[in-house]
Amino acid sequence: TGYHQGHGTKSFLVTTKDPAGVQLVIMAKDPRTENALPGLDENQFHHFDPENIDRFYRGQNNRQGISVLAFQVEDIETIRGRYQQLHPSLVHFYGEYDEIS
């Protein structure tokens, strides 16, 4: 039900008819667009960066796989703070676009 063509990636949103049902985002690298579009800038969403797929592949010995992390909450900062405290390697960006060093 949704689509995004990014710099080096394509993403599809697939949903069920149930408004409270499953929503899946399927993302894949698209080498045809890697050089056709400009690189990421401050106006683009980092979650569409192909480096995220590359990092996942490196963690999986270059095998395909699936990864899921989803929340529906009212206080995301509490969750972000808890993850930063307990699992800092899982928190890749702070705020909207600032990288955590």
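Me: What makes the place of Ser11 a strand, and which one is it?

Reply: Ser11 lies in strand β2. A strand here is a DSSP run of E with at least two residues, a helix is a run of H or I with at least four, and both are numbered from the N terminus. β2 covers residues 9-15, so it meets the minimum for a strand. This is a predicted model, in which local features need pLDDT of at least 70, side-chain atom pairs count only at pLDDT 80 or more, and totals for chains, interfaces and linings use all residues. Residues are numbered from 1 along each chain as its sequence is written, and side-chain values use heavy atoms, with hydrogens and water left out.

Me: Is Ser11 called buried or exposed, and why?

Reply: Its relative accessibility is 3%. Buried means under 20% relative accessible area, exposed means over 50%, and partly exposed is in between (1.4 Å probe, protein chains only). The value of 3% is under 20%, so Ser11 counts as buried.

Me: Which residues does Ser11 touch?

Reply: Leaving out residues up to four places away in sequence, Ser11 touches Gly2, Tyr3, His4, Val25, Ile26, Met27 and Phe48. Contact means heavy atoms within 4.5 Å.

Me: How do you know that β2 and β3 are paired?

Reply: Two strands pair if DSSP finds at least two bridges between them. Seven bridges join β2 to β3, so the condition is met. The two strands run antiparallel, and Thr15 stands opposite Gln23 in β3.

Me: What sheet do the strands form, and why are β1 and β3 placed at its edges?

Reply: Three strands form an open sheet in the order β1-β2-β3, with antiparallel pairing. β1 (2-5) and β3 (23-29) each have a single partner strand, so one side of each has no neighbour in the sheet. From one strand to the next the twist averages 10°. Helix α2 (residues 50-59) packs on the sheet and touches β2 and β3, and its direction makes about 90° with that of β3. For such angles, axes are lines fitted to C-alpha atoms (for helices over the stretch in contact), and angles run from 0 to 180 degrees between N-to-C directions.

Me: Why do Lys10 and Asp30 count as a salt bridge?

Reply: A salt bridge is a side-chain nitrogen of Lys or Arg within 4 Å of a carboxyl oxygen of Asp or Glu. The closest N and O atoms of Lys10 and Asp30 are 3.9 Å apart, so the pair qualifies. Lys10 lies in β2 and Asp30 in the loop between β3 and α1 (31-34), so the pair ties together parts that are 20 residues apart in sequence. Side chains of opposite charge can pair when their charged atoms come close.

Me: What class of accessibility does each of Lys10 and Asp30 have?

Reply: Lys10 has a relative accessible area of 22%, which makes it partly exposed. Asp30, at 6%, counts as buried.

Me: How many salt bridges does the structure hold, and what makes Glu51 with Arg58 one of them?

Reply: The structure holds five. The side chains of Glu51 and Arg58 meet at 2.6 Å, N to O, which puts them inside the limit. Glu51 is partly exposed at 33%, whereas Arg58 is exposed at 51%.

Me: Where do Arg80 and Glu77 lie, and what separates them?

Reply: Both are in helix α3 (residues 76-86), three residues apart, which means about one helical turn. Their side chains meet in a salt bridge of 3.1 Å, N to O. Arg80 is partly exposed at 22%, and Glu77 is partly exposed at 44%. Elsewhere, salt bridges that share partners join Lys10, Asp30 and Arg32 into one network.

Me: What makes a group of residues a nonpolar patch, and which residues form one here?

Reply: Patches are made of residues with over 30% relative accessible area and no salt bridge; like charges are joined within 9 Å, and nonpolar side chains (Val, Leu, Ile, Met, Phe, Trp, Tyr) within 5 Å. Tyr3, Phe12, Val14, Val22, Leu24 and Ile26 make a patch of about 550 Å². Areas of this kind come from the Shrake-Rupley method with a 1.4 Å probe; for residues, only the protein chains shown count as cover. Leu24, in strand β3, is partly exposed at 44%, so its value is over the 30% needed. β2 and β3 each supply at least two residues of the patch.
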